[in-house]
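Trainee: Please take me through one part of this model closely. I would like the main nonpolar core and the helix packing around it, then how the rest of the structure relates to that picture.

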Amino acid sequence: MGRTSSTKEDAGALFHSLRSAYAATPVNLKIIDLYVGFAIFTALIQVVYMAMVGSFPFNSFLSGVLSCVGTAVLAVCLRIQVNKENKEFKDLPPERAFADFVLCNLVLHLVIMNFLG
Amino acid sequence: MARRLTGFLVLLLVVSICEAAFLFQPISDSHRSAALELFTPDHGSFKSLEETYEALRTFQILGIEKKPDLTATACRSISETVGSSSSTAKDFFYALKANGIAECKIDKNASKGIISRLNAAVSGASSLLDFYYSVGGLVLIKDQSSEADVHLADADGVFRSVKAFSQSDGRWRYSSNNPESSAFAAGIALEALAGTVSLASSEIDQSLISTLKNDIIKLFDSIEKYDDGALYFDDKLVDGHEYQGPLSTTSSVLRGLTAFAAVTAENLNLPGDKMLGLAKFFLGIGVPGDAKDFFNQIDSLACLESNRVSIPLILSFPSTVLSLTRKDSLKVGVSTVLGSEVPSVTVRLVGAFASGSKDASLVESQELNFDKTSGLHILNDLPKSIDVGSYTFVFEVVLHEPEPEEFYFTGSQTKVPISVTGLIKIENSEIAVLDSDLGNIESQKTLDLAGKNAISLSANHLQKLRLSFQLTTPRGRSFKPHQVFLKLRHESKVEHIFVVGNSGKQFEIVLNFLGLVEKFFYLSGKYDMELTVGDAAMENSLLVAIGHIELDLPEAPEKAPRPPPQPVDPYSRYGPKAEITHIFRAPEKRPPQELSLVFLGLTILPLLGFLIGLLRLGVNLKNFPTKPVPATFAILFHVGIGAVLLLYVFFWVKLDLFQTLKLLGFLGVFLVFVGHRILSHLAAASAKLKSA
């Protein structure tokens, strides 16, 4: 019993330290995280819908999910490039990274729209 | 007249039903209805007076009631023509001809004017047709008006100048400078000469008349003949527009002959069978479909009926098929070509021959009884020697009073095809299965070929099948029908047909299955049997299913022939194919609409969460450029992205890839430009901030 409570406390301490560590993250990275979360959740909802009613317009399902997943991946890439602690992207200005992100998204969604049917 | 006609109509109706190749029937009701159809005025009147005359004349001959409006319109155009100063001799001729039937009133002064003008035309005539129309017109007006002074001053001269066109073979030329001669022109010339004779104030030179008689006889020497005895005149096809065809030519000659015979007291010495041949020609063409041909036919027949040379008599038959079983009597009607009554005659049956045989006559000459009520000559009982079959009967018509015999001509003998039918007695019909070796009867059954049979037999390949029956005619003689077949049909539709032979009355066929095994393709099993006995003269021809026989044949050896493939029903081969129904993939099951809408709402939830999260993070737009130029670029950048996304929506909804890419190219260049400007501005700003 005591052990369980100590596990709970440990977990609580772990979460607490995680939250405090995350609080130090810059706001622009937090925005990107939020965006990634938004994309992933949207993809999840579509997967659930597919599980319930079947995959009939399969290309529509795929394009919907891949649109979310793709943009999430691109957002993750953007986050990597924007993060100042990543030394290898030190010389890359965040504006340039954002321009890449916009361009990739436009290309991705052109393909997605073509595939949507 | 009308009552006599209606009496005949009943007879003619019956007459028109029967048909035979060499049988000539008098004019009947079918001609009357055809006449009413052919001579239909166009908008109330005919195209010309010639057509009007033809219509009126045809109706008059056929006894069709004249329509008052037809006569009225005819009278109007007649008086127009008569009164007109531009009318030619031909116009006068047809106007007067039509007037002869329509009986309109012609002004006395007008007729005087016509007479003088026609007289002038006669003296100025140079061609055959000129003479024909002018002389013909004078004859007509002499008949119609009370003027007694219509005559030709120089009839002899006119006669000679018309005669000058004649040729040595009896044909005539149209004019002196036209070398071609024709029989059609001969008819016209005869009519013109007849008119000249009747208009002559003094007697015409008799030597001229007798040379003309010789011409007519020469003309009749050139008459042509069909196989059925019909005679006709025809011109050699020399000149397209003057060629008239046999019907017009024959008709013209006949009209001329009748007209000439009417004015001369002499006997023309033309044999009656020539006139009968001409009658056969006109009757043999049936009902012509052309108004002109129709008029020629009817007018010629009227000439034949009323001429002074000889009037042919035609035998007609209510039926040429007689049944021995019903005891039909042989009925013969005698009438003229137009179907009117004739003086009392006796019809004799002088001979009867079985078709195709040249044997002596089967009957003795006998007289047919005249039945006054029906107007038919009847032979009540067919002679005993006449049995079922087809025959040629020979009739002879004899006039009772010798006085008019010069005029009526009956033909020496008339041959008529007659079919005699009857019920054939079928007796002793039985079917049996025999043992092959000894001929012992294994099983025997009696058949009733008139009724239904359901015989069931069985045999093996060592046995025989025997079918026998007897056929007897009503007169008790043997009868050999055209077709006597036994047909065996296997279950697999393979058929075998056997001809049943006969010896006298007895018909018998024996099928030895041992010899037929190969022909039957070793097919064991049930065979349906069908017997056909058929003949045109057999009233009870039959095609009966007898029953079936179960055959037990040996197994087929290796090399045995296979049964031929059964012919495919042509209907199934060339007929319509089965309808093709397209099977479409069933539409996928779609989720209920409510569920989809719920999930549409659910997908918005993360977006809401995203926006709430942004608010929680305290995101703001303070970094948005405040200077006008960068702010413009910033706004344009966002508008550009929005425009590209909107373009994607249009791509999804209606545009195709090429249109989208084209627009995207322009938008992309713009976006790159403004994006580069705003982002480099932001980068410069942040660099300034860093360095500061």
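**The core and its helices**

Mentor: Start with the largest nonpolar core. It has 142 residues. Leu128(B), Ala189(B) and Leu193(B) have the most contacts inside it. Helix α9 of chain B, residues 183-199, gives the most to this core, with 11 residues. One caution before going on: the model is predicted.

Take Ala189(B) as the anchor point. Set aside its neighbours within four places in sequence. Ala189(B) is then in contact with Leu128(B), Val162(B), Phe165(B), Ser166(B), Trp172(B) and Gly256(B). Leu128(B) is also among the residues with the most contacts inside the core. Gly256(B) leads to the next element, helix α11 of chain B, which spans residues 246-263.

Now the helix pair. Two packed helices are described by the angle between their axes and the distance between the axes. For α9(B) and α11(B), the axes come within 7 Å and cross at roughly 20°. An angle under 35 degrees counts as roughly parallel. The two helices α9(B) and α11(B) are therefore roughly parallel to each other. Their crossing is left-handed. On the α9(B) side, the contact includes Ala183(B), Phe184(B), Ala186(B), Gly187(B), Ile188(B), Ala189(B) and Leu193(B). On the α11(B) side, it includes Ser248(B), Thr249(B), Ser252(B), Val253(B), Gly256(B), Leu257(B) and Phe260(B). Ala189(B) and Leu193(B) thus appear in two roles: they are among the residues with the most contacts inside the core, and they belong to the contact with α11(B).

Step back to chain B as a whole. It holds 18 helices and 24 strands. Of its 692 residues, 32% are buried. Count contacts in chain B between residues at least 6 apart in sequence: 71% of them join residues at least 24 apart.

Apart from the core around Ala189(B) lies another core, of 13 residues. Leu34(A), Tyr35(A), Ala43(A) and Ala75(A) are among them. That brings in chain A. Its secondary structure comes to four helices and zero strands. From the N terminus on, the elements run α-α-α-α. Buried residues make up 23% of its 117 residues. Among contacts in chain A with a separation of 6 or more, 70% are between residues 24 or more positions apart.

The UniProt record, an unreviewed entry, places the feature "transmembrane region" at residues 34-52, 58-78 and 98-116 of chain A. Compare two of those spans with the model. Residues 34-52 of chain A are 100% helix and 0% strand, with the end C-alpha atoms 27 Å apart. Residues 98-116 of chain A are also 100% helix and 0% strand, with the end C-alpha atoms 26 Å apart.

Next, the interface. In total, 24 residues of chain B are in contact with 24 residues of chain A. On the chain B side, α16 (593-617), α17 and α18 (657-691) each supply at least two residues. Of the elements of chain B, α16(B) gives the most to this side, with 11 residues.

One helix pair spans the two chains. It joins helix α4 of chain A, residues 94-116, to helix α17 of chain B, residues 628-653. Their axes come within 9 Å and cross at roughly 15°. The helices α4(A) and α17(B) are therefore roughly parallel to each other. Here α4(A) passes α17(B) in a right-handed crossing. From α4(A), the contact is made by Val102(A), Leu106(A), His109(A), Leu110(A), Met113(A) and Leu116(A). From α17(B), it is made by Ile641(B), Val644(B), Tyr648(B), Phe651(B) and Trp652(B).

Last, some backbone points to check in chain B. Most residues other than glycine have a negative phi. Asn428(B) has a positive one, near 50°. Asn428(B) is found in strand β15, residues 425-435. With 12 C-beta neighbours inside 10 Å, Asn428(B) counts as exposed. Phe521(B) also has a positive phi, near 60°. Phe521(B) is found in the loop between α14 (513-516) and β23 (525-534) of chain B. With 17 C-beta neighbours inside 10 Å, Phe521(B) counts as partly exposed.

Conventions: Residues are numbered from 1 along each chain as its sequence is written. Chains are lettered from A and ligands numbered from 1 in the order in which they are written. This is a predicted model: local features need pLDDT of at least 70, side-chain atom pairs count only at pLDDT 80 or more; totals for chains, interfaces and linings use all residues. UniProt positions are given in the numbering used here, feature names are shortened, and annotations may be inferred rather than shown by experiment. A nonpolar core is a set of buried Ala, Val, Leu, Ile, Met, Phe, Trp, Tyr and Cys residues joined through C-beta atoms within 7 Å. A residue is buried if 20 or more other C-beta atoms lie within 10 Å of its own, exposed if 12 or fewer, and partly exposed in between; C-beta atoms are placed from the backbone. Two residues are in contact if their C-beta atoms, placed from the backbone, lie within 7 Å. Axes are lines fitted to C-alpha atoms, for helices over the stretch in contact, and angles run from 0 to 180 degrees between N-to-C directions. Angles under 35 degrees count as roughly parallel, over 145 as roughly antiparallel, 65 to 115 as roughly perpendicular and the rest as oblique. A crossing is left-handed if the near helix is turned anticlockwise from the far one by less than a right angle, and right-handed if clockwise.
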